[in-house]
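Work through the exercises below with the sequence and the structure side by side. Try each task before reading its solution.

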Amino acid sequence: VTTGTVTTATAKAGSPFLRESAGRATDAVVKLIIKGEIKAIDTNGEEEFFTNSGGESWNNDPRETNIPGIFVRTPNPDKARVLDEEGALSIGDPDWTNDQGVDNKVFLHADKVGAVVNGTLPRNLATNLSNYQIRDDWTDAAKYVDFSDASLVKVFVNGADRTADFDISIDGTVTTATAKASFLATTGNQPNDRNVKLFIFGAFKQLTEETDTQVSIHSDTLN
């Protein structure tokens with residue numbers, strides 16, 4: 001039953017059950033079990049706490065339960081441009097400034113460049129994750145930068161190279177690292193958050209008519 005913002009699931013005993021309640025030699029344990037799933041809400045990486053209560057009533061004399069709570073949390077990744085692996089390990093952009101590492105710097109054709117996506121494996125999960133992926137979509141940069149070498153992709157967890165625990169794939173211009181089953185088995189009930197970094201590395205493409213940023217609509221020829 002939903003009344004305003006309060007939703008209540010109630011089980012009311014029928015007459016046959018009530019008739020059997022008198023004269024019992026021992027207490028009977030009654031359990032009301034409800035099942036559901038966490039709604040698709042966005043907590044921006046924060047832990048959002050919520051509770052629910054219950055109650056029991058004998059002959060219209062109600063008593064409330066204790067009020068246990070749980071947390072719900074969603075990912076909040078960030079990304080920055082970096083020069084190399086060392087930069088990837090030290091740089092993040094949790095405030096989404098788009099001005100970390102080498103963001104907004106000028107590069108030349110054939111210059112090396114990388115990018116890092118920062119994610120989190122949350123603490124205190126009730127169960128192991130069934131799937132974990134971290135990805136970099138470099139579609140908008142693909143005209144000028146080549147990140148297509150999967151052998152240069154790395155995944156770090158709390159600063160340690162854990163690439164071997166992930167399957168690396170590049171689908172067009174999207175690089176994805178998917179955690180293997182053995183790694184997923186370690187994700188539940190951890191005491192602290194763990195930082196995950198997806199590092200991709202490549203270079204600006206050589207100068208061609210397509211990658212030339214100088215557009216000339218005039219020409220002049222002598223001799």
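## Exercises with worked solutions

**Exercise 1.** Find where asparagine 59 sits in the chain and decide whether its surroundings leave it buried or exposed.

*Solution.* Begin with the position: asparagine 59 belongs to the loop that runs between S4 and S5. Next, look at the backbone of this predicted model, where asparagine 59 shows a positive phi of about 50° even though it is not a glycine. Finally, turn to accessibility: exposed is the word for a relative accessible area over 50%, and because asparagine 59 has a value of 79%, it is exposed.

**Exercise 2.** Carry out the steps of the previous exercise for asparagine 104, starting from its loop.

*Solution.* The loop that holds asparagine 104 lies between helix H2 (85-90) and S8. Asparagine 104, which is not a glycine, has a positive phi of about 70°. Its relative accessibility is 63%, and therefore asparagine 104 counts as exposed.

**Exercise 3.** Determine whether aspartate 165 is buried or exposed, and list the residues that it touches beyond its neighbours in sequence.

*Solution.* First locate aspartate 165, which is found in the loop between strand S12 (160-161) and strand S13 (166-171). The cut-off for buried is under 20% relative accessible area, and because aspartate 165 has 18% relative accessibility, it counts as buried. Then look for its partners: leaving out residues up to four places away in sequence, aspartate 165 touches Thr178, Ala179, Lys180 and Phe183.

**Exercise 4.** Describe the largest pocket by its volume, its lining and the classes of its lining residues.

*Solution.* The volume of the largest pocket is about 2400 Å³. Its lining consists of 48 residues, and those nearest the centre of the pocket are Ala9, Ala11, Leu32, Gly54 and Gly55. Several elements each supply at least two residues of this lining, among them helix H1 (15-20), strand S3 (48-51) and strand S4 (55-58). Sorted by class, the lining of the largest pocket holds 19 nonpolar, 17 polar and 12 charged residues.

**Exercise 5.** Describe the second largest pocket in the corresponding way, and say which strand gives the most to its lining.

*Solution.* The second largest pocket has a volume of about 1300 Å³. It is lined by 48 residues, of which Pro77, Asp78, Lys79, Val117 and Asn118 are the closest to its centre. At least two lining residues come from each of strand S7 (78-82), strand S8 (112-121), strand S9 (133-137) and strand S15 (194-204). With 6 residues, S8 gives the most to this lining. The classes of the lining are 21 nonpolar, 13 polar and 14 charged residues.

**Exercise 6.** Summarise the protein as a whole, and then identify a stretch where pLDDT stays under 50.

*Solution.* Start with the elements, which are 3 helices and 15 strands. Of the 223 residues in the protein, 25% are buried. Among contacts between residues at least 6 apart in sequence, 66% join residues that are at least 24 apart. The protein exposes about 16400 Å², and carbon and sulfur atoms supply 50% of that area. As for confidence, the average pLDDT is 87, and 88% of the residues score at least 70. The stretch asked for is residues 215-223, for which the model has 0 contacts beyond four places in sequence. Where pLDDT is low, the predicted coordinates should not be read in detail.

Terms used:
Residues numbered from 1 in each chain as written. Predicted model: local features only at pLDDT ≥ 70, side-chain atom pairs only at ≥ 80, totals over all residues. Heavy atoms only, no water. 1 Å grid on protein atoms, 1.4 Å probe; cavity = no way out; pocket = protein on both sides within 12 Å on 5 of 7 lines; lining within 4 Å. Points joined across faces, edges and corners; volume = space filled by probe spheres on them. Helix = DSSP H or I, 4+ residues; strand = E, 2+ residues; numbered from the N terminus. Nonpolar A, V, L, I, M, F, W, Y, C, P; charged D, E, K, R; others polar. Buried < 20%, exposed > 50% of the residue type's maximum accessible area, 1.4 Å probe, protein only. Contact = heavy atoms within 4.5 Å. Areas by Shrake-Rupley, 256 points an atom, 1.4 Å probe, with all protein chains shown as cover. pLDDT = per-residue confidence, 0-100.
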